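Thanks for making the time this morning. I would like to take you through one model, and I will try to keep apart what comes from a record and what was computed from the atoms.

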There are 2 protein chains.
Amino acid sequence: MQRPIQKRTLKTRARLISAAEDVIQKSGYEALRVEEVVQAAGVAKGTFFAHFRDKDALMEILLAEKLNACLDQAEAEKPPKSVPQIIAALEPVHSFMTVERYVFDLLIRYSGATAIAEIGPIAYFFERYFRVVMMWLEDANIRQDVPSELLAEGVQAFAIQTMSLKFCALHASTSFSDRLKVYLEAWLTPAR
Amino acid sequence: MQRPIQKRTLKTRARLISAAEDVIQKSGYEALRVEEVVQAAGVAKGTFFAHFRDKDALMEILLAEKLNACLDQAEAEKPPKSVPQIIAALEPVHSFMTVERYVFDLLIRYSGATAIAEIGPIAYFFERYFRVVMMWLEDANIRQDVPSELLAEGVQAFAIQTMSLKFCALHASTSFSDRLKVYLEAWLTPAR
DNA sequence: TCCTAAAATTGACCATGGTCACTTTGTAAG
DNA sequence: CTTACAAAGTGACCATGGTCAATTTTAGGA
């Protein structure tokens with residue numbers, strides 16, 4: 001027989017998340033230490049792992065929340081129709097995804113669901129990103145020879161490629177938006 | 001004053017690498033433990049880190065060697081001209097890149113040079129992959145409206161996207177090659 | 001109010017990657 | 001052959017994520 005979740009649980013969880021946000025605010029995502037979070041929240045280490053499978057699980061929650069907030073914002077605006085408009089609409093998302101190399105790596109690692117029954121917050125976010133872009137593309141003035149589902153997957157692939165190159169010293173000359181624009185124009189409006 | 005490297009150094013390094021290969025052979029990349037390698041090689045732990053910056057640095061060396069061998073093979077064959085041929089030529093590379101989730105994550109993490117002066121073996125491999133594909137594309141029967149450099153970057157982006165989806169339970173229905181074929185045909189031979 | 005079982009929490013302990021002050025070994029110069 | 005010094009190697013120790021048996025807290029029913 002399953003008992004209801006105690007109020008105390010929610011409070012502890014909230015304290016842990018809040019403490020983690022404070023730590024990140026102060027010194028960034030990569031510098032977060034479980035020990036520090038736990039001390040700031042005033043609980044034992046074991047409690048942390050009773051609430052989150054592992055450190056990454058907490059990170060997933062924190063990152064996905066921020067990313068979803070960016071997408072909320074993008075969805076609230078008028079749907080973009082052109083490549084530059086799409087890039088502009090996604091700018092906050094891409095910007096946050098690349099605040100830290102550590103964050104980007106984490107996002108990539110958890111971008112796919114590892115099992116059907118276990119879609120993590122980040123995998124869920126990527127699905128949403130895909131759906132939002134696909135909807136935009138359906139009403140945009142772009143190529144019509146392939147389904148917009150495919151085009152949206154491509155946008156995601158090029159966005160990740162561009163973000164990846166942002167961290168690469170060999171390709172630091174071109175700016176992020178310029179590079180993505182070149183990719184997406186070639187992908188969405190090919191001259192043949 | 002710089003003295004020449006001692007023979008002993010090379011021997012120790014070779015023993016470490018060989019021991020690591022044995023361990024991997026036996027139980028895979030993710031299961032590799034520095035302690036185990038060091039014991040098998042008969043040296044102290046500190047010696048390991050005198051030869052490799054960290055565990056990942058050894059992994060980079062081991063992975064890059066395998067990947068370069070795959071590319072050697074691909075380059076030895078007659079250059080592929082069509083999308084299916086290109087996919088077939090790259091199959092061994094892509095196959096090895098996705099033997100383990102752990103391996104794929106590592107490759108992505110080190111795919112870019114972190115600093116101009118520090119191009120790691122894996123970043124170097126990705127450069128080479130790009131150059132090889134670009135050369136193939138220059139003589140292939142594909143779109144000519146954008147430079148083949150851009151097309152090659154796109155192939156890389158789609159290959160990574162496809163590999164990424166291979167690990168994702170949500171997209172497990174389509175086979176790897178089929179999915180990549182759809183992407184590359186839309187990218188390289190758009191109907192507009 | 002008291003009892004009890006499930007839920008929540010605890011913290012000592014473990015696993016593993018990585019560091020560094022110290023020791024040993026190789027070798028070039030005298 | 002010695003000597004001196006740099007290179008190579010050592011292993012105790014540290015940092016940090018994660019585990020689990022034991023303990024405390026909660027709340028529903030007698």
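I will begin with the contact between the two protein chains, and then turn to the DNA.

Please bear in mind throughout that this is a predicted model, and that every value I quote was computed from it.

How much area do chain A and chain B bury between them? The figure is about 3300 Å², and 60% of that lies on carbon and sulfur atoms. On the side of chain A that touches chain B, α6 (101-109), α8 (148-166) and α9 (176-188) each supply at least two residues, and it is α8(A) that gives the most, with nine residues. If we sort that side of chain A by class, we find 20 nonpolar, ten polar and nine charged residues. The contact as a whole takes 39 residues from chain A and 40 residues from chain B.

For those of you who think in terms of specific pairs, the count of salt bridges between chain A and chain B is zero, whereas ten residue pairs are found in polar contact across this interface, counting pairs with both residues at pLDDT 80 or more.

Now to the DNA, and to DNA strand D in particular.

This strand is surrounded by 23 residues, of which the closest are Lys55(A), Thr9(B), Thr12(B), Gly46(B) and Thr47(B). Of the atoms of DNA strand D that come within 4 Å of the protein, sugar and phosphate account for 67%.

Which atoms of the strand do individual residues approach? The side chain of Arg33(A) has an N or O atom 2.9 Å from a phosphate oxygen of DNA strand D, and a backbone N or O atom of Ala44(B) likewise lies 2.9 Å from a phosphate oxygen of that strand. Gly46(B), by contrast, places a backbone N or O atom 3.4 Å from a base oxygen.

In terms of elements, two or more residues of the surface near DNA strand D come from α3 (45-51) of chain A, and also from α1 (7-27) and from α3 (45-51) of chain B. That surface divides into six nonpolar, nine polar and eight charged residues.

Finally, the record: an unreviewed UniProt entry places a feature called "DNA-binding region" at residues 33-52 of chain A. In the model this span is 75% helix and 0% strand, and its end C-alpha atoms lie 14 Å apart.

Notes:
Residues numbered from 1 in each chain as written. Chains lettered and ligands numbered in written order. Predicted model: local features only at pLDDT ≥ 70, side-chain atom pairs only at ≥ 80, totals over all residues. Heavy atoms only, no water. UniProt positions renumbered as here; feature names shortened; annotations may be inferred. Helix = DSSP H or I, 4+ residues; strand = E, 2+ residues; numbered from the N terminus. Contact = heavy atoms within 4.5 Å. Buried area = accessible area lost by both parts, 1.4 Å probe. Salt bridge = Lys/Arg side-chain N within 4 Å of Asp/Glu carboxyl O. Polar contact = N/O pair within 3.5 Å; in protein donor to acceptor, adjacent residues only side chain to side chain. Nonpolar A, V, L, I, M, F, W, Y, C, P; charged D, E, K, R; others polar. Near = heavy atom within 4 Å.
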